[in-house]
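User: Hey, got a minute to walk through a model with me? I'd like to start with side chains and then jump around a bit.

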Amino acid sequence: MRVFVTGGTGVIGSAVVRELVARRHHVIGLARSETAAARLSARGAASMAGDISSPETWVAQLPDIDAVVHMACDLASDMGAIERRLLDKLLPALAAQPAKVRFVYTGGCWLFGATGDVVATERTGFDPLPAFAWMISHLERILAAHDVHGIVIHPAMVYEPAGGVFRRFARDAFAERAVRLVGGEAVRWPLVHSEDLAALYALALERAPAGSSYIGAAAEGRPVGQIARAFARLTGGPQEPMIVSADAAAAELGEWARGYALDQCLSGAKARHELGWQPKHLDPEAEIAALA
């Protein structure tokens, strides 16, 4: 397929672009800088200049495509308005394409709120982190749209051994500081490696029925204290994590950062059953240890 992607140079997007190219799809990525265009080219993708915050400057230039994978997200305070303007411009342009376009939209695990011991599934009602509540009406818009083949992926906390949601842990540990945790060691995160998540995006793009949604969680809920201590063991730095309040995280990074304190368990069983998704990265602590 000819696949147009947004956010193709981020942690999720980079892995998805690599996966789609490996599957012999023709990928065209939205690039807001020459650096982004070069990164896309290095992964085997073409690029088109543009920014999600100003869709009116590029949507009319879209070539004929079979699919869109939307992974870009602006963490500015007005990100809901940015997304609304993007969809207002992009959806009519996609409706004008020669054939119905498959549209894979990215939701998020923080839309499910703190689940505690209850393992959330795609049937679980949303209880969103306030900073991301705007996303619900947008993903519902995609799933209900008649002019596109809408699909939603809800990624768990996306990691790489020293990157993604583990990047801050790695920075603290390699600087021989106490690893900072938001909320406490017992907070559980549903986890997925970027490569496994990329495989899920590709499977959904190729196989998912219209109106379907999938949670991308390889590990249902892993205590973050285990991850922090794995980094501490790796570097020999302070073994006791430093606990930071959600208020302090929000003051430093923005209201969205309160999500780091959500105690969650999410299931990826539906994706395994319906799409044949088979995550390969199931032991993040071992991957951290292998960094040595």
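User: Which ring does Lys 270 lie over, and at what distance from the ring centre?

Analyst: Lys 270 sits over the face of Tyr 214, 4.9 Å from the centre of the ring. Keep in mind that this is a predicted model.

User: Ok, rings then. How many aromatic pairs does the count come to?

Analyst: The count comes to 14 aromatic pairs. One of them is Phe 169 with Trp 189: their ring centres are 5.7 Å apart and the planes are at 10°, so that pair is stacked.

User: What angle between planes still counts as stacked?

Analyst: Anything under 30 degrees counts as stacked, and the planes of Phe 169 and Trp 189 are at 10°.

User: Where do those two sit in the chain?

Analyst: Phe 169 is in helix H5, residues 167–174, and Trp 189 is in strand E10, residues 188–193. They're 20 residues apart, and the pair links distant parts of the chain.

User: Buried or exposed, Phe 169 and Trp 189?

Analyst: Both Phe 169 and Trp 189 are buried.

User: Which residues form the aromatic cluster?

Analyst: Phe 169 and Trp 189 belong to one cluster together with Trp 110, Phe 132, Trp 134, Tyr 159, Phe 166, Phe 231, Trp 256 and Tyr 260.

User: Let me pick one of those. Where is Phe 166 found?

Analyst: Phe 166 is in the loop between strand E8 (163–164) and H5. Phe 166 is buried, with a relative accessible area of 0%. Its C-alpha is 9.8 Å from that of Val 224, and the two residues are 58 apart along the chain.

User: Switching to pockets. What volume does the largest pocket have?

Analyst: The largest pocket has a volume of about 1,500 Å³. It is lined by 47 residues, and the closest to its centre are Val 11, Ile 12, Met 71, Cys 73 and Leu 75.

User: Which helices and strands each supply at least two residues of that lining?

Analyst: Among the helices, H1 (11–22), H2 (34–42), H4 (134–144) and H5 each supply at least two. The strands are E2 (26–31), E5 (101–106) and E7 (157–160).

User: And what's the lining of the largest pocket like by class?

Analyst: It has 25 nonpolar, 14 polar and eight charged residues.

User: What about the second largest pocket, what's the volume there?

Analyst: About 180 Å³ for the second largest pocket. Its lining includes Glu 19, Arg 23, Glu 195, Asp 196 and Trp 277. Helix H6, residues 194–207, gives the largest share of that lining, with four residues. By class, the second largest pocket has four nonpolar, three polar and five charged residues in its lining.

User: Back to Cys 73 for a sec. How many disulfides does the structure hold?

Analyst: Zero disulfides. For Cys 73, the nearest cysteine sulfur is that of Cys 109, and it's 12 Å away. A disulfide needs the sulfur atoms within 2.5 Å.

User: And Cys 265, which cysteine sulfur is nearest there?

Analyst: Cys 109 again: its sulfur is 12 Å from that of Cys 265, and Cys 265 is in no disulfide.

User: Buried or exposed, those two?

Analyst: Cys 73 counts as partly exposed at 41% relative accessibility. Cys 265 is buried, with a relative accessible area of 7%.

User: Now backbone. Which residues other than glycine have a positive phi?

Analyst: Arg 24 has one, with phi near 70°, and Glu 176 has phi near 60°. Arg 24 is in the loop between H1 and E2, and Glu 176 is in the loop between H5 and strand E9 (180–182).

User: How exposed is each of them?

Analyst: Arg 24 is exposed, at 76% relative accessible area. Glu 176 is exposed too, at 58%.

User: Last topic, strand E12. Where does Pro 223 come in?

Analyst: Pro 223 is in E12, which covers residues 219–223. Pro 223 counts as partly exposed, at 22% relative accessibility. Its C-alpha is 4.1 Å from that of Arg 188, though they're 35 residues apart in sequence.

User: And Ala 219, buried or exposed?

Analyst: Ala 219, also in E12, is buried, with a relative accessible area of 15%. The C-alpha atoms of Ala 219 and Ile 65 are separated by 34 Å, with their positions 154 residues apart along the chain.

Definitions and conventions:
Residues numbered from 1 in each chain as written. Predicted model: local features only at pLDDT ≥ 70, side-chain atom pairs only at ≥ 80, totals over all residues. Heavy atoms only, no water. Phe/Tyr/Trp six-rings, centres within 6.5 Å; stacked < 30°, edge-to-face > 60°. Buried < 20%, exposed > 50% of the residue type's maximum accessible area, 1.4 Å probe, protein only. Lys NZ or Arg CZ within 6 Å of the ring centre and 35° of its normal. 1 Å grid on protein atoms, 1.4 Å probe; cavity = no way out; pocket = protein on both sides within 12 Å on 5 of 7 lines; lining within 4 Å. Points joined across faces, edges and corners; volume = space filled by probe spheres on them. Nonpolar A, V, L, I, M, F, W, Y, C, P; charged D, E, K, R; others polar.
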